[in-house]
Amino acid sequence: MNELHYGVSLWPQYATWPEWRDAALRVETLGYDSVWAWDHFLPIIGDPAGPNLECWQLLPALAALTKHVKLGALVSGNTYRQPPVLAKMAATLDHISNGRAIVGMGAAWFELEHKQYGIDFGKSPGDRIAKLGEALPIMRSMLDQKETTLHGKYYQVSGAWAEPKPVQKHLPIMIGGGGEQKTLRLVAKYADYWNGFGTPDVIAHKLGLLKGYCQEAGTSFDHILGTVLLSVIIRDKPQDVEARAKQVTTHNRMQQANANVMAVTGGPEQVAQTIAAYAKVGLQGILLGGPPPYDMETLERFQKEVRPRVRELLATAGKT
């Protein structure tokens with residue numbers, strides 16, 4: 001198999017711009033493939049009544065400061081902006097970064113920020129997914145075609161122009177979510193990247209479904225780069241793992257350590273075995289969750305110790 005894609009999703013909550021910027025620049029220096037920020041207006045882990053930097057302001061600022069790392073939103077809530085507006089934003093980011101943008105899309109889920117900001121939350125998750133299903137072809141057309149027209153239930157776009165087109169001939173779209181009846185069908189039809197959640201067994205099941213949906217849609221399963229978001233703590237001693245977890249919990253005003261946040265912990269060998277297990281079921285990318293205060297020890301050791309060991313494990317398993 002090809003080398004895995006390794007990215008870092010730096011939480012933009014409970015952090016200053018200099019802290020987030022410096023961490024992102026270090027991620028590029030360390031040789032990661034991508035940097036991500038989540039697209040929310042309030043903190044989503046811990047106390048929501050705290051600071052949270054806005055994703056689509058962070059990304060172009062970072063684009064102007066970096067040269068190689070890809071940049072994306074993990075992921076943008078479709079309800080937050082009209083699809084043509086977000087397509088224009090993504091194309092502009094692609095120009096600022098000279099072809100390094102990835103536009104992440106999701107149906108949106110955080111009801112509190114919708115209420116506070118006066119954004120229509122929709123009647124149900126199915127309603128929001130239906131909106132996403134209309135938004136995706138609009139965005140794809142705006143990024144690729146000279147003119148876009150779509151008159152749907154939720155969005156009406158009439159002869160819309162979007163110039164300049166992205167630097168990339170095909171600016172990639174990521175879709176986040178694992179809904180097996182609707183979301184994965186949208187992934188099959190429109191996505192270049194997919195971000196899912198769950199154990200290797202869960203991911204393997206969803207990849208199997210996705211492959212079938214690609215066959216139904218007449219699209220290429222092999223061209224979708226599947227990723228999983230894992231929060232990693234690399235420490236040699238259990239007490240040091242606990243100390244780091246406590247630091248994150250306290251800093252982000254969490255009542256207790258969140259199992260989904262502290263998913264992969266331990267020494268380099270233990271972490272490498274977990275990463276390899278995901279790759280063995282067909283996943284092609286690992287995104288490391290980066291809660292503040294940003295854990296440079298983990299990010300550095302992952303590149304120096306875990307990444308080479310994963311390569312060895314996959315080679316031993318016959319995946320070169």
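The exercises below, each with a worked solution, concern a predicted model.

**Exercise 1. Lys206**

Task: State where Lys206 is found and decide whether Lys206 is buried or exposed.

Solution:
- Lys206 is found in helix H7, which covers residues 200-217.
- The relative accessibility of Lys206 is 11%. Buried means under 20%, so Lys206 counts as buried.
- Beyond the neighbours within four places in sequence, Lys206 is in contact with Gly178, Glu180, Leu184, Trp194 and Phe197.
- For one of these, Glu180, the C-alpha atom is separated from that of Lys206 by 7.2 Å, with the two positions 26 residues apart along the chain.

**Exercise 2. Helices H3 and H5**

Task: Classify the crossing of H3 and H5 from the angle between the axes, then describe the residues of the contact.

Solution:
- Two packed helices are described by the angle and the distance between their axes.
- The axes of H3 (residues 83-96) and H5 (residues 125-144) come within 9 Å and cross at roughly 40 degrees.
- Angles under 35 degrees count as roughly parallel, and 65 to 115 as roughly perpendicular. H3 and H5 are therefore oblique to each other.
- The crossing of H3 and H5 is right-handed.
- H3 contributes Pro83, Pro84, Leu86, Ala87 and Ala91 to the contact, and H5 contributes Ala135, Ile138, Met139, Met142 and Leu143.
- By class, the residues of this contact are 10 nonpolar, no polar and no charged.

**Exercise 3. Salt bridges of helix H10**

Task: Place the salt bridges of Arg301 with Asp236 and Glu297, and that of Arg309 with Glu269, in the chain.

Solution:
- The structure holds 23 salt bridges.
- One of them joins the side chains of Asp236 and Arg301 at 3.0 Å, N to O. The pair links distant parts of the chain, 65 residues apart: Asp236 is in the loop between strand E10 (225-234) and helix H8 (238-251), and Arg301 is in helix H10 (residues 296-316).
- Asp236 counts as exposed at 58% relative accessibility, whereas Arg301 is buried, with a relative accessible area of 14%.
- Arg301 also meets Glu297 in a salt bridge (3.7 Å, N to O). Both lie in helix H10, four residues apart, about one turn of the helix. Glu297 counts as partly exposed at 36%.
- Salt bridges that share partners join Arg235, Asp236, Arg244, Asp295, Glu297, Arg301 and Glu305 into one network.
- Arg309 forms a salt bridge with Glu269, with the closest N and O atoms 2.8 Å apart. Arg309 lies in helix H10 and Glu269 in helix H9 (residues 268-280), so this pair ties together parts 40 residues apart in sequence.
- Arg309 counts as partly exposed at 26% relative accessibility, and Glu269 counts as partly exposed at 35%.

Conventions
Residues numbered from 1 in each chain as written. Predicted model: local features only at pLDDT ≥ 70, side-chain atom pairs only at ≥ 80, totals over all residues. Heavy atoms only, no water. Helix = DSSP H or I, 4+ residues; strand = E, 2+ residues; numbered from the N terminus. Buried < 20%, exposed > 50% of the residue type's maximum accessible area, 1.4 Å probe, protein only. Contact = heavy atoms within 4.5 Å. Axes fitted to C-alpha atoms, helices over the stretch in contact; angles between N-to-C directions. Parallel < 35°, antiparallel > 145°, perpendicular 65-115°, else oblique. Left-handed = near helix turned anticlockwise from the far one by under 90°. Nonpolar A, V, L, I, M, F, W, Y, C, P; charged D, E, K, R; others polar. Salt bridge = Lys/Arg side-chain N within 4 Å of Asp/Glu carboxyl O.
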